[in-house]
Amino acid sequence: MVDSSLAGRTFPPTAPHDVTADHVRAFADATGTPWTEGDPAPPTYPIVVAFAAMQELMHDPEVGIELRNVIHGEQRFAYQRPVAAGDVLTATLTVDSLRQIGGADIIGTTSAVADADGALVCTAKATLVHTAGTA
Amino acid sequence: MTAEAGTELPTQTFTVTRADLVAYAAASGDHNPIHQDEEVARSVGLPGVIAHGMYTLALAARAADTWAGAPGRVVELGAKFTKPVVVPAGDDGVEVVVAGVVKKVDDGLTTVGMTVTCGDDKVLGMPTAVLRG
């Protein structure tokens, strides 16, 4: 089980992510989303940096959980503005809550996604469900 | 968009294949093998390879962008991932259907309640988008 001291912890910001037109196109293409250069990135694009923050949480020596044993339970985004090519984004993750139910850790997180100026671009809230794996 | 509360928005149907999941894993950075490898997926108790929850949410977002009439108008988006979208091998893949109903129009913001299904299953819980304009 994940140690209960995890609740309330804020992780360092993720490495800056350059939002390139090529990467936005690849992300859009994977879900068949029409995208033309100059368009805003698709709404779920900030998951790229939010997911990087979640991986740092999972790989933290004091946490140490395997991605394959994690189910993404819930995801919410609130946008200050759309993401566009040329942005440089970071995500700063805070563990809002930690509950243990039926042998599973229910980890509530909020990642603040900010641009190069430090201005908030979007807030990404994720619930991760960690079960002890059999794999 | 101009729509009153209660308006049903055009239902949209999308196809998901395993090749899409491979492309999505590369683009998103989520390389969890349960989205690509049948054996790993079954080893953790899943019926087979499943789509990333975020893949399904991206399809809901795609529908929301279409309803909004232009990209960049989604101000809130969220859902619970309640049931997996099992994606069979092969080019046919599986269909995901996104329906939407206008719940509220307030101060230029339109709240859309969605229903996202795969076969008979609702795969997202309370999927909701708030659209500007």
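These are my notebook entries on a predicted model with chains A and B.

**Ground rules.** I kept to residue numbers that start from 1 along each chain as its sequence is written, with chains lettered from A and ligands numbered from 1 in the order in which they are written. Since this is a predicted model, local features need pLDDT of at least 70 and side-chain atom pairs count only at pLDDT 80 or more, while totals for chains, interfaces and linings use all residues; side-chain values use heavy atoms, with hydrogens and water left out.

**Entry 1, the interface.** I began with the area that chain A and chain B bury between them, which comes to about 2,600 Å², 61% of it on carbon and sulfur atoms. Buried area here is the accessible area (1.4 Å probe) that two parts lose on being put together, summed over both. On the side of chain A, I noted that A:Ala30, A:Thr31 and A:Arg68 supply 21% of the area that this chain buries against chain B, more than any other three residues. The contact (heavy atoms within 4.5 Å) takes 31 residues from chain A and 33 residues from chain B.

I then looked for polar links across the interface of chain A and chain B, and the rule finds nine residue pairs in polar contact, both at pLDDT 80 or more. A polar contact is a pair of N or O atoms within 3.5 Å; within protein, one must be able to donate a hydrogen and the other to accept it, and residues adjacent in sequence count only if both atoms are side-chain atoms. For salt bridges across this interface, the rule finds zero; such a bridge is a side-chain nitrogen of Lys or Arg within 4 Å of a carboxyl oxygen of Asp or Glu.

Next I asked which elements give two or more residues to the side of chain A that touches chain B, and found helix 1, helix 2 and strand 2 (70-79) of chain A. Helices (H or I, at least four residues) and strands (E, at least two) are DSSP runs, numbered from the N terminus. Strand 2 of chain A gives the most, with nine residues. The residues of that side divide into 16 nonpolar, 11 polar and four charged, where Ala, Val, Leu, Ile, Met, Phe, Trp, Tyr, Cys and Pro count as nonpolar, Asp, Glu, Lys and Arg as charged, and the others, Gly among them, as polar.

**Entry 2, strands.** Following strand 2 of chain A further, I found that five bridges join it to strand 2 (residues 74-81) of chain B, and that the two run antiparallel; strands pair if DSSP finds at least two bridges between them. In this pairing A:Glu74 stands opposite B:Lys80. Within chain A, 11 bridges join strand 3 (residues 88-101) to strand 4 (residues 104-114), again antiparallel, and A:Val95 stands opposite A:Thr109. The hairpin of these two strands has two residues between them, and there A:Gly102 takes a positive phi near 55°.

**Entry 3, helix 1 of chain B.** I listed the buried residues of helix 1 (residues 18-28) of chain B, which are B:Leu21, B:Tyr24, B:Ala25, B:Ala27 and B:Ser28. Buried means under 20% relative accessible area, exposed over 50%, and partly exposed in between (1.4 Å probe, protein chains only). These residues pack against helix 1 (21-30) and helix 2 (47-59) of chain A, together with strand 1 (8-16) and helix 3 (53-68) of chain B. Just after the helix, B:Gly29 takes a positive phi of about 85°.

**Entry 4, salt bridges.** Over all chains I count 11 salt bridges by this rule.

- A:Asp22 and A:Arg25 meet in a salt bridge (3.4 Å, N to O), and, being three residues apart in helix 1 of chain A, they are separated by about one helical turn. A:Asp22 is exposed at 59%, whereas A:Arg25 is partly exposed at 29%.
- A:Arg76 and A:Glu74 meet at 2.8 Å, N to O, with A:Arg76 partly exposed at 29% and A:Glu74 buried at 18%.
- B:Glu38 forms a salt bridge with B:Arg18, the closest N and O atoms being 2.5 Å apart. B:Glu38 lies in helix 2 (residues 38-43) of chain B and B:Arg18 in helix 1, so the pair ties together parts that are 20 residues apart in sequence.
- A:Arg9, A:Asp60 and A:Glu62 are linked in a network of salt bridges.
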